[in-house]
Structure formats: structure tokens, C-alpha cells
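Colleague: Could you take me slowly through a single part of this model, and say how that part sits against the rest of the chain?

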Amino acid sequence: MTMVAPAAYGCRHAGGRPPVSGGPVRTCIGCRQRRAATDLIRLQVDDGYLHVVDRPVPGRSAYLCPSQACLERAVQRRAFARTLRQDVRLDDGLPVEFREAVKAREAVR
Ligand SMILES: [Zn+2]
């Protein structure tokens with residue numbers, strides 16, 4: 001008789017998961033709506049500055065709807081620093097990066 005590893009344990013930290021099937025769900029830090037992570041634009045800090053990333057990099061991420069209004073709201077509420085738990089600087093290139101990411105999103109559909 002061999003030991004059977006309990007391989008089927010689910011993640012116990014995933015409490016409060018909404019009943020949406022398929023893929024992870026994230027909260028937009030602009031409007032606080034929960035959406036599929038694939039619908040949101042991911043932002044991460046690199047060298048103290050916030051950037052749009054198109055593929056996951058280790059570290060904390062913030063998510064925004066592909067909407068300029070959500071970006072502005074997040075900036076006004078200083079939601080980035082709170083979500084990412086560090087000082088976040090925004091450079092002039094971020095709105096441009098964000099707009100490009102939104103455009104790229106729309107082109108796929
Ligand atoms: Zn939003």
C-alpha cells in the first residue's frame with residue numbers, strides 16, 4: 001500500500017470567487033468592477049514607473065478596463081499605489097501606452 005498524495009486539493013485562498021466559468025477574474029481599480037482578466041489591461045511597475053504589460057511578469061499587477069475613464073479615475077484616487085503597495089510614478093508615456101493597448105484589444109475583436 002503506497003501513500004496517495006492529496007493531489008486534488010483546490011486552492012484554499014480562492015474564497016469569494018464569483019460564479020464565472022473560465023479564466024481568472026480581476027477587479028478594475030478604476031471602477032471596481034469585476035471582469036475576466038483577459039478583458040482587462042494589466043499594469044505593472046518597472047523601475048518605479050507604471051507600464052502596461054502584455055504578458056505577465058512576476059510581481060504585483062493592477063488591472064484596468066480598456067477605458068480611458070477608468071485610467072483617469074484610478075489616477076485620481078491614487079489607486080495604483082494602494083493596489084501595488086509601493087510608490088508609483090506615472091510618466092507622460094503611460095496614457096499613450098494605455099491607449100495603444102486599448103486599440104490593440106479592439107483590433108483583436
Ligand atoms: Zn473599469
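Modeller: What follows is a close look at one helix and its surroundings. The model is a predicted one, and its protein chain holds 3 helices and 5 strands, arranged along the sequence as β-β-β-β-β-α-α-α. The part I have chosen is α1, which covers residues 68-76 and in which Cys70, Leu71 and Ala74 are buried. Seen down the axis of α1, these buried residues fall within an arc of 100 degrees, so they line one face of the helix. The face turned away from that buried side carries Ala69, Glu72 and Gln76, which are exposed. Just after α1 comes Arg78, whose phi is positive, at about 55 degrees.

As for what surrounds the helix, the largest nonpolar core has 18 residues, and those with the most contacts inside it are Cys28, Ile29, Ile41, Tyr63 and Leu64. To this core α1 supplies at least two residues, as does each of β3 (41-46), β4 (49-53) and β5 (62-64). Leu64 shows how the helix and the strands come together: leaving aside its neighbours within four places in sequence, Leu64 is in contact with Cys70, Leu71 and Ala74, and also with Cys28, Ile29, Gly30, Leu40, Ile41 and Leu43. The three residues of α1 named in that contact list are also buried in the helix.

Set against the whole protein chain, buried residues make up 17% of its 109 residues, while among contacts between residues at least 6 apart in sequence, 53% join residues at least 24 apart.

Note on methods
Residues are numbered from 1 along each chain as its sequence is written. This is a predicted model: local features need pLDDT of at least 70, side-chain atom pairs count only at pLDDT 80 or more; totals for chains, interfaces and linings use all residues. A residue is buried if 20 or more other C-beta atoms lie within 10 Å of its own, exposed if 12 or fewer, and partly exposed in between; C-beta atoms are placed from the backbone. Helices (H or I, at least four residues) and strands (E, at least two) are DSSP runs, numbered from the N terminus. The arc is that of the directions from the helix axis to the C-beta atoms. A nonpolar core is a set of buried Ala, Val, Leu, Ile, Met, Phe, Trp, Tyr and Cys residues joined through C-beta atoms within 7 Å. Two residues are in contact if their C-beta atoms, placed from the backbone, lie within 7 Å.
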